[in-house]
Amino acid sequence: MPRPTGRVLTLLELLQSGGTRTMAELADRLGVDGRTVRRYVDQLADLDVPVESVRGRYGGYRLAPGYRLPPLMLSDDEALAVLLGLIAGRRTGLMTAGHTASETASAKIRRVLPRHIARRLDTLLDSLAFTDRPGEFATPDAEALLTLADAVRHRRPVSLRYTDRDARHSERTLHAYGIVAHAGRWYVTGKDPGIGEDRTFRLDRITDARTLPGSFDAPADPDPAQRVLSGFATAEYRHEVILRIHGTAEQIRAHLPAAVASLEELEEYEPVAGEAPATEHRLRVRLRVERLDWLPPVLAALDRPFVIERPAELRDLVTAFADRLASHARRT
């Protein structure tokens, strides 16, 4: 039979899982009566664990917010999940203020892991390979990230100090709609009230964020992730490419995702010469790119009839690419 100390720790673990636990539920999980549960709650209070009583039909006990963090109890699976999450966060760049906090948190958890769990974790890490490079991306400032998150939730304008890709510094005001993690980086998206346009900023380029007085009304469905992806697809790069492709959105998105291209369904479509009638959609695809040389292989892999509306330079590149493929294919 578990000793009282063990039951007190089990009670703490149950309360840490969140919500209000009824007296009957706690007594059943601990295998004791209600009076003993109350005694265990008093023992937690003596340890400065903030447990509060909730009255009423659905009352019971729950952990109350406090200035001191109660002892954190994790099961074996939970400890492994936390450690793997910290490791994955470091590798993908989705951490804040460098890797120090992540490394010290990992060390603290590993220090108290049972030996057999630590051995299992080491075995997993020894056999785990990553396709990315660690520390590839710059990390955002933790305070700026939290300030922006609070501004998003309460619809408060924020002032930003921002450094763009050309190392130019500026002060910006933003009505932030949401924070997005994409491809190893953090972004904040919203409207710049000074110019009345949507903007997206990389968080690692924000050196200071301050909440401003007032509030703003956000769109009914801001969809921050879609706004970030659309911003990538329409960014001001060197070449504007417009294609008409005979295929479905799913077929096109497999090779030209939303972060690269925008799609527009065409009601009237000029058939490609020699093209058989089909029931698939006709889509206009728009994208802005710095270089054109990667597009011919993508269009070949797409393997759908297409027309290049612009630029003419892309037609020449596709033709040259097709000639090279044909030449290679004829070799024996």
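## Close-up views of a predicted model

**View 1. Arg168 and Asp164 meet in a salt bridge, with their closest N and O atoms 2.8 Å apart.** Keep in mind that this is a predicted model. The two partners sit in contrasting surroundings: Arg168 is exposed, at 52% relative accessibility, whereas Asp164 is buried, with a relative accessible area of 17%. Look for Asp166 too, since Asp164, Asp166 and Arg168 are linked in a network of salt bridges. A search of the whole structure finds 12 salt bridges.

**View 2. Strands S8 and S11 are linked by a salt bridge between Glu240 and Arg310.** The N to O distance here is 3.0 Å. Glu240 belongs to strand S8 and Arg310 to strand S11 (residues 306-310), so this pair ties together parts that are 70 residues apart in sequence. Both ends are partly exposed: Glu240 has a relative accessible area of 31%, and Arg310 has 41% relative accessibility.

**View 3. Arg244 forms a salt bridge with Glu309.** Their closest N and O atoms are 3.1 Å apart. Once again strand S8 and strand S11 are involved, with Arg244 in S8 and Glu309 in S11, 65 residues apart. Arg244 is buried, at 12% relative accessible area, while Glu309 is partly exposed, at 27%.

**View 4. Two aromatic pairs are found in the structure.** In one of them, Tyr162 and Phe201 are arranged edge-to-face, 4.8 Å centre to centre and with 65° between the planes. This pair links strand S3 (residues 158-163), home of Tyr162, with strand S6 (residues 197-202), home of Phe201. Tyr162 and Phe201 are both buried. Tyr177 and Phe216 have ring centres 6.4 Å apart and planes at 50°, so their pair is tilted. Tyr177 lies in strand S4 (residues 169-182), and Phe216 in the loop between strand S7 (206-211) and helix H8 (224-233). Tyr177 and Phe216 are buried as well.

**View 5. Ser159 is a buried residue of strand S3.** Its relative accessible area is 8%. The side chain of Ser159 makes a polar contact with the side chain of Glu171, at 3.3 Å. Beyond its sequence neighbours up to four places away, Ser159 touches residues including Arg172, Asp208 and Leu212.

**View 6. The largest nonpolar core holds 18 residues.** Among those that touch the most other members are Val241, Leu256, Val285 and Leu314. Strands S8 and S10 and helices H10 and H11 each supply at least two residues of this core. Zoom in on Leu256: leaving aside neighbours within four places in sequence, Leu256 is in contact with Ala261, Val285, Trp294, Leu295 and Val298.

Methods: Residues numbered from 1 in each chain as written. Predicted model: local features only at pLDDT ≥ 70, side-chain atom pairs only at ≥ 80, totals over all residues. Heavy atoms only, no water. Phe/Tyr/Trp six-rings, centres within 6.5 Å; stacked < 30°, edge-to-face > 60°. Helix = DSSP H or I, 4+ residues; strand = E, 2+ residues; numbered from the N terminus. Buried < 20%, exposed > 50% of the residue type's maximum accessible area, 1.4 Å probe, protein only. Core = buried A, V, L, I, M, F, W, Y, C linked by side-chain atoms within 4.5 Å. Contact = heavy atoms within 4.5 Å. Polar contact = N/O pair within 3.5 Å; in protein donor to acceptor, adjacent residues only side chain to side chain. Salt bridge = Lys/Arg side-chain N within 4 Å of Asp/Glu carboxyl O.
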